[in-house]
Amino acid sequence: MSKLDVRYVVIAASLAVTACQTTPKSLASPPVPANDPAKWVTSNDYPYHTFHEGIAKAELIVGANGRVSDCNIVESSGHAMLDRATCRWLPRRARFIPAKNNKGEPIVGYYSVTAEWKIPR
């Protein structure tokens, strides 16, 4: 897989998300966010009973319909509750224009996201 685009989004004051499109060479285009990534996970989603901070890296599997079908943590934040929160909210809120093959047909694609969790102040 090769990195095609990197975006930095600050979500409120306590959570930063970095999104990176990844795509195999057989794809003509990777999935592209169809809604605002800043609204995928917000500081209101912080699991308050954890009192931890960390960075969770996740790979989203985006279906041909543009919805996230799976979320896999590829690098843990070091705190299971933060990792679970990352994959709880992303599939519920992230929407995409699906990846397309060389014929322009929608297909399954992958999208990488890094969530930096900070304790809200």
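## Close-ups of a predicted one-helix model

**Figure 1. The whole chain, end to end.** Starting at the N terminus, the elements of the protein chain go β-β-β-β-β-β-α-β-β-β-β. That gives a tally of 1 helix and 10 strands. Keep in mind that this is a predicted model. Of the 121 residues in the protein chain, 42% are buried. Look only at contacts with a separation of 6 or more, and 67% of them link residues 24 or more positions apart.

**Figure 2. Inside the largest nonpolar core.** Here we zoom in on a core of 18 residues, the largest nonpolar one. Which residues have the most contacts inside this core? They are Trp-40, Leu-60, Phe-96, Tyr-111 and Trp-117. Several elements chip in: strand E5 (54-62), strand E6 (68-75), helix H1 (80-93) and strand E10 (109-117) each provide at least two of the core residues.

**Figure 3. Trp-40 and its company.** Set aside the neighbours within four places in sequence, and Trp-40 still has plenty to show. On one list of its contacts are Pro-33, Asn-35 and Asp-45, along with Trp-89, Leu-90, Arg-93, Ala-94, Arg-95 and Phe-96. Tyr-111 and Val-113 are in contact with Trp-40 too. Two of these partners, Trp-89 and Leu-90, are among the buried residues of H1, and Phe-96 and Tyr-111 are, like Trp-40, among the residues with the most contacts inside the core.

**Figure 4. Helix H1 and its buried face.** First, a quick check on the helix itself: at 1.5 Å a residue, 14 residues should span 20 Å, and the end C-alpha atoms of H1 sit 21 Å apart, which agrees. Where do the buried residues of H1 fall, seen down its axis? They keep within an arc of 160°, so they line one face of the helix. These residues are Leu-82, Asp-83, Ala-85, Thr-86, Trp-89 and Leu-90. The spacing makes sense, because an α-helix has 3.6 residues a turn, so residues three or four places apart point the same way. The cover over the buried residues of H1 includes E5, E6 and E10.

**Figure 5. Thr-86, on the helix.** Thr-86 is part of helix H1. Is this residue buried or exposed? Its relative accessibility is 1%, so Thr-86 counts as buried. Beyond its neighbours within four places in sequence, Thr-86 is in contact with Ala-56, Ala-58, Ile-73, Pro-91, Ala-115 and Trp-117. Thr-86 and Val-41 are 45 residues apart along the chain, yet 7.6 Å separates their C-alpha atoms.

**Figure 6. Strand E5 and the two strands it pairs with.** How many of the 9 residues of E5 are buried? The count is 7, so this strand is mostly covered, given that buried means under 20% relative accessible area. E5 runs antiparallel to E10, and 9 bridges join the two. Within that pairing, Ala-58 faces Val-113 of E10. E5 is also antiparallel to E6, this time with 6 bridges, and Lys-57 is opposite Glu-75 of E6. E5 and E6 make a hairpin with 5 residues between them, and Gly-66 in the turn has a positive phi of about 90°.

**Figure 7. Ser-77, between strand and helix.** Follow the loop between E6 and H1 and you meet Ser-77. With a relative accessibility of 13%, Ser-77 counts as buried. Its side chain joins that of Asp-83 through a polar contact of 2.8 Å. Not counting neighbours within four places in sequence, Ser-77 is in contact with Gly-54, Ile-55, Ala-56, Leu-82 and Asp-83.

**Figure 8. Glu-105, in a loop.** Glu-105 belongs to the loop between strand E8 (99-101) and strand E9 (106-107). At 41% relative accessibility, this residue counts as partly exposed. The side chains of Glu-105 and Asn-101 make a polar contact of 2.8 Å. Apart from neighbours within four places in sequence, Glu-105 is in contact with Ala-99 and Lys-100. Ala-28 is 77 residues away along the chain, and the C-alpha atoms of Ala-28 and Glu-105 are separated by 9.4 Å.

**Figure 9. Phe-51 and its positive phi.** Phe-51 is in the loop between strand E4 (32-33) and E5. What is the phi of Phe-51 near? The value is near 55°, positive in a residue other than glycine. Most residues other than glycine have a negative phi. Phe-51 counts as exposed, with 61% relative accessibility.

Definitions and conventions: Residues are numbered from 1 along each chain as its sequence is written. This is a predicted model: local features need pLDDT of at least 70, side-chain atom pairs count only at pLDDT 80 or more; totals for chains, interfaces and linings use all residues. Side-chain values use heavy atoms; hydrogens and water are left out. A nonpolar core is a set of buried Ala, Val, Leu, Ile, Met, Phe, Trp, Tyr and Cys residues joined through side-chain atoms within 4.5 Å. Buried means under 20% relative accessible area, exposed over 50%, partly exposed in between (1.4 Å probe, protein chains only). Helices (H or I, at least four residues) and strands (E, at least two) are DSSP runs, numbered from the N terminus. Contact means heavy atoms within 4.5 Å. The expected span of a helix is 1.5 Å times one less than its number of residues. The arc is that of the directions from the helix axis to the C-beta atoms. Two strands pair if DSSP finds at least two bridges between them. A polar contact is a pair of N or O atoms within 3.5 Å; within protein, one must be able to donate a hydrogen and the other to accept it, and residues adjacent in sequence count only if both atoms are side-chain atoms.
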